[in-house]
Each structure stands twice: as structure tokens, then as C-alpha cells.
Amino acid sequence: MGFSLVYDLDAISFDGVITLNFAISTLVRREPGNFPGLPEGLEVEVLRKEVPGFHYNKHRNGYLLTEDFKGAASIFKGRPERRSENLFRYTDRSAVKGRVYLYWINTEMNERPLGPVHVRAVDNEVIWNHERTADECKRIAFTYNGVILEKHGHSVKGREMLVLKRGNMKNAVVLVGGVHAAEAGQFTVLDVFERFCQLYDESLYEQVGMAVMPSANPDEAERMATGHTYYLRKNAAGVDLNRNFPSDWEIADEMYGLNTSDPSSLTYRGPFPVSEPETKAIVGFIETINPKVVLSFHCYPGGITFDQLFGAGAAKDDNDYVNSCKELAEAYSDGFRNGEFPGELFLAFGTTPGSLPLWIYRKYKVPAFDMEAWDYFVRNHPYALKACEFKADVPMMKDVAGRHFKGVMQYIREVLLV
């Protein structure tokens with residue numbers, strides 16, 4: 001049995017600065033004869049190793065847990081910052097944004113260094129936390145006349161589910177961001193909405209509207225924003241929100257080789273339909289309007305996703321519905337593409353029981369899609385390759401969001417206003 005004077009080591013990131021928090025064993029107080037002079041005289045050594053080959057989506061939980069401290073660099077020796085009698089912290093300001101690091105902490109009384117803990121030095125201009133998302137929603141609502149800011153319930157951990165609306169809600173385009181927290185970010189949805197507000201076309205707003213929920217899984221989005229390294233799909237209660245909607249929920253699905261009825265599965269559907277507060281918030285939000293199209297943004301960190309339209313699997317043989325979806329896809333891609341991938345229409349039907357697109361299909365019979373980027377052509381796009389490595393930047397994000405705005409407006413002009 002090994003002894004470690006330090007325990008409860010964790011790591012979080014904020015705007016690239018990484019903080020290690022840890023505690024000192026209570027044996028220091030309970031057995032002062034065996035542990036003299038501590039913790040006042042405590043000195044620690046912090047070891048760090050970069051993991052350049054780590055990929056958040058390919059490498060699942062457990063990939064870093066057995067990494068050895070040999071070869072790690074000693075980046076600090078001395079007395080750490082004291083938070084309280086037995087709680088301490090060390091702040092690493094030398095990490096590089098976007099990179100993944102392993103940390104160990106050691107003292108003279110440890111039999112071996114404690115660790116590893118792993119963390120990504122997050123660029124929070126790219127990966128937003130909940131506070132940033134809420135601030136941006138409030139800024140947009142304050143800046144533009146006619147914008148309505150609403151709260152539609154709370155997440156598992158009590159974070160507000162915010163919604164913005166502008167224009168005619170009886171003929172509305174609906175955008176949802178971040179159902180899967182590790183995927184497309186809040187930035188894209190809000191940027192598209194703000195560009196819509198900047199049209200200042202009152203006659204347009206009288207005819208069509210836009211409603212957005214930028215962060216549908218805010219608890220896990222917060223974890224991504226504070227440095228979590230692995231792919232985050234489920235909500236804080238362990239439910240895949242995109243399997244929790246009340247349409248065909250009772251059908252167990254095995255997409256990705258995972259069973260939606262298994263609570264340990266990454267695609268667990270939950271104990272019953274709409275069991276999750278986030279799902280309730282999304283359903284309640286959409287039921288306040290008359291949606292004409294619903295787009296749920298998925299894919300890469302930083303909001304980098306493309307015009308890959310992935311619709312309800314149950315709708316693939318509904319010819320009238322498929323034709324209306326093709327109408328959307330053709331207009332959207334014409335606006336989005338900037339001439340790339342001519343002749344390729346990224347339209348497919350395969351979303352599972354309990355998914356948001358399936359619920360929209362069953363309830364409203366309007367085009368509804370997860371916006372993805374799994375097609376071969378898109379996976380090799382330079383933006384996708386950079387975003388996979390957490391190397392997206394704000395200019396790239398603005399370019400992609402601008403393309404989505406053009407796609408939305410092309411659909412509005414060619415279909416909704418005709």
C-alpha cells in the first residue's frame with residue numbers, strides 16, 4: 001500500500017491558464033508525531049508532460065490514465081498557494097492554448113508522484129463557457145430592437161436555458177446549438193442570429209422569424225470550456241439528449257455499436273422520454289412557435305460544422321417529406337458552399353429513435369436536421385482538420401458562421417418567402 005501526502009488532485013483551465021487543486025492528508029493533523037512541521041512547511045514538485053497525439057474524439061476515457069510520469073518535466077518546486085488549512089493550488093501560466101497536458105504532484109513523503117490528471121489549455125474565445133454564452137445573449141437582446149430574450153427552464157445543475165427570438169414566430173427558422181457539448185459551439189448559432197438582426201428589414205421580420213437556443217447542454221459545455229479532454233456527449237445526468245425526445249423513444253437503437261437502453265452507453269436514451277430538464281426546455285421552447293425548419297448544430301469544437309444535413313431515419317421513405325428536405329438542402333448548400341464540392345448534396349436520413357430531428361418530423365412534418373460533417377469530402381476540408389485538433393480560431397469560426405447565415409437566408413428567400 002502506497003502513501004501520498006497529497007490527494008484529490010484536479011486540474012481546470014480558464015483561457016489557457018491551468019490551475020491544479022489538491023488537498024493534504026488529514027493524517028498531518030491526526031498524527032503530528034509522524035508528520036511534523038506540515039502543512040505550514042509543505043513543499044511540492046509539479047511535473048508536466050504534453051500529449052501532442054491526443055485526439056478528443058478518437059481517444060475515449062482511459063487513454064491517459066496509465067501514462068507514466070517518466071519523461072515529465074519538473075515545472076515547479078516550492079510552496080504552493082494555500083486556499084485553506086488543508087487545500088492548496090498551483091497555477092501554470094506557461095501552457096499553450098489548445099494543447100493537452102498531464103500533471104503529477106509530488107512531495108518528499110510521497111512514495112511516488114500523484115497523478116496523472118489531464119487537462120486541455122482551452123482558448124475561451126473559441127470554446128465558450130456558460131457565462132460567456134449568457135453575456136452574448138444579453139448583449140444581442142440589448143443591442144437590437146425587436147429581439148426577445150427568454151428563459152426556458154434550467155439544466156441538471158441549474159444553469160438557465162436561454163433563447164433569443166426575432167421576427168414572425170408563426171413562420172420561424174429554429175437553430176439549436178450544443179446538444180452534444182463536445183461538438184458545435186454556441187458561437188455559430190448566435191452569430192447567424194445576430195447577422196439576421198443586422199438586416200434591419202422590418203418587412204422581412206413581419207414575414208419570417210428566427211429563434212435560437214445557443215446552448216442546449218450548458219453543464220457539459222462548461223466542462224469543455226474548463227479543460228475536459230475527452231469527448232462529452234451526454235448531459236450531467238448521463239443521458240444523451242439526442243436520444244431523449246418523445247418519438248420512437250421506446251425503440252432501442254445500436255448506432256455506433258452502443259445500445260441506447262444501457263445506462264453505461266454513450267448514447268443512453270434516459271429512463272423515460274423527456275426525462276431531462278434540457279430536453280423539456282428544448283421541447284417547451286419549440287412549442288412556443290411555429291417552426292418551418294429546425295437545424296441542430298453538431299460536429300467540431302468551435303462551431304465548425306458544414307452543410308451535411310442528417311435527417312430522421314424514419315422519414316427516408318416519406319417522398320413528400322424528402323422532397324421538401326431536398327428543397328431546403330439545395331437552397332442551403334447553394335448559399336453555404338462558395339462553390340466548393342460542386343454536384344455533391346450532403347443529404348441523408350438516419351437519425352435515431354429519440355432524436356430531435358425525428359421528434360420534429362413526427363410532430364411538425366417540417367425539415368429538421370442535425371448539421372454534421374461526417375462525409376468524406378467534408379472530413380478532409382482544412383477547417384475540419386484544424387478544428388479536430390482544437391485549432392479553430394475566431395476568423396475561421398466567423399467564416400463558417402457566415403456561410404451558414406447565407407445558407408439560411410437562401411432558404412428563406414427561395415422557399416419561405418415564395
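# Reading helices, contacts and odd torsions

Analyst: Start at a helix end. Asn338 takes a positive phi of about 55° just after α7. Helices (H or I, at least four residues) and strands (E, at least two) are DSSP runs, numbered from the N terminus. The model is predicted: local features need pLDDT of at least 70 and side-chain atom pairs count only at pLDDT 80 or more, while totals for chains, interfaces and linings use all residues. Residues are numbered from 1 along each chain as its sequence is written, and side-chain values use heavy atoms, with hydrogens and water left out.

User: How do I read helix length? What does α7 reach from its first C-alpha to its last?

Analyst: Use an expected span: 1.5 Å times one less than the number of residues. Helix α7 covers residues 319-336, which is 18 residues. Its span is 25 Å, close to the 26 Å expected at 1.5 Å a residue. Now take α3, residues 186-197. Its 12 residues reach 17 Å, close to the expected 16 Å.

User: Now burial. Which residues of α7 are buried?

Analyst: Cut-offs come before names. Buried means under 20% relative accessible area, exposed over 50%, and partly exposed in between (1.4 Å probe, protein chains only). In α7 the buried residues are Tyr321, Val322, Cys325, Leu328, Ala329, Ala331, Tyr332, Ser333, Gly335 and Phe336. An α-helix has 3.6 residues a turn, so residues three or four places apart point the same way.

User: What do the buried residues of α7 pack against?

Analyst: Packing is read from contacts, meaning heavy atoms within 4.5 Å. The partners are strands β13 (291-297), β14 (308-312), β15 (347-351) and β16 (368-372), together with helices α8 and α11 (394-416).

User: How many residues of α3 are buried?

Analyst: The count is 11 of the 12, so α3 is largely enclosed by the rest of the structure. Among them are Phe187, Val189, Leu190, Phe193 and Phe196. Asp191 and Glu194 are buried too.

User: Take one residue in α3. Is Gln186 buried or exposed?

Analyst: Gln186 sits in helix α3. Gln186 is buried, with a relative accessible area of 7%. Next, look for a polar contact. That is a pair of N or O atoms within 3.5 Å; within protein, one must be able to donate a hydrogen and the other to accept it, and residues adjacent in sequence count only if both atoms are side-chain atoms. The Gln186 side chain reaches the backbone oxygen of Trp128 at 3.4 Å. Setting aside neighbours within four places in sequence, Gln186 contacts Trp128, Asn129, Thr133, Pro214, Ser215 and Ala221.

User: How do I read a helix pair? At what angle do the axes of α6 and α8 cross?

Analyst: Axes are lines fitted to C-alpha atoms, for helices over the stretch in contact, and angles run from 0 to 180 degrees between N-to-C directions. The axes of α6 (residues 277-286) and α8 (residues 356-364) cross at roughly 35° and come within 13 Å. Handedness is next. A crossing is left-handed if the near helix is turned anticlockwise from the far one by less than a right angle, and right-handed if clockwise. Here α6 passes α8 in a right-handed crossing.

User: Which residues meet there?

Analyst: From α6 come Ile282, Val283 and Ile286. From α8 come Leu356, Trp359, Ile360 and Tyr364. The contact divides into seven nonpolar residues, no polar and no charged. Ala, Val, Leu, Ile, Met, Phe, Trp, Tyr, Cys and Pro count as nonpolar, Asp, Glu, Lys and Arg as charged, and the others, Gly among them, as polar.

User: Trp359 caught my eye. Which residues does Ser247 touch?

Analyst: Ser247 touches Pro353, Gly354, Leu358, Trp359 and Arg362, not counting residues up to four places away in sequence. Ser247 lies in the loop between α5 (218-225) and α6. At 5% relative accessibility, Ser247 counts as buried.

User: Back to torsions. Where is Cys299 found?

Analyst: Check phi, then place, then burial. Cys299 is in the loop between β13 and β14. Its phi is positive, about 120°, although Cys299 is not a glycine. Cys299 is buried, at a relative accessible area of 10%. Asp8, also not a glycine, has a positive phi of about 55°. Asp8 lies in strand β1 (residues 6-14). Asp8 is exposed, at 57%.

User: Which residues does a cis peptide bond join?

Analyst: Read omega. Gly115 and Pro116 are joined by a cis peptide bond, with omega about 5°. Pro116 is in strand β8 (residues 114-120).
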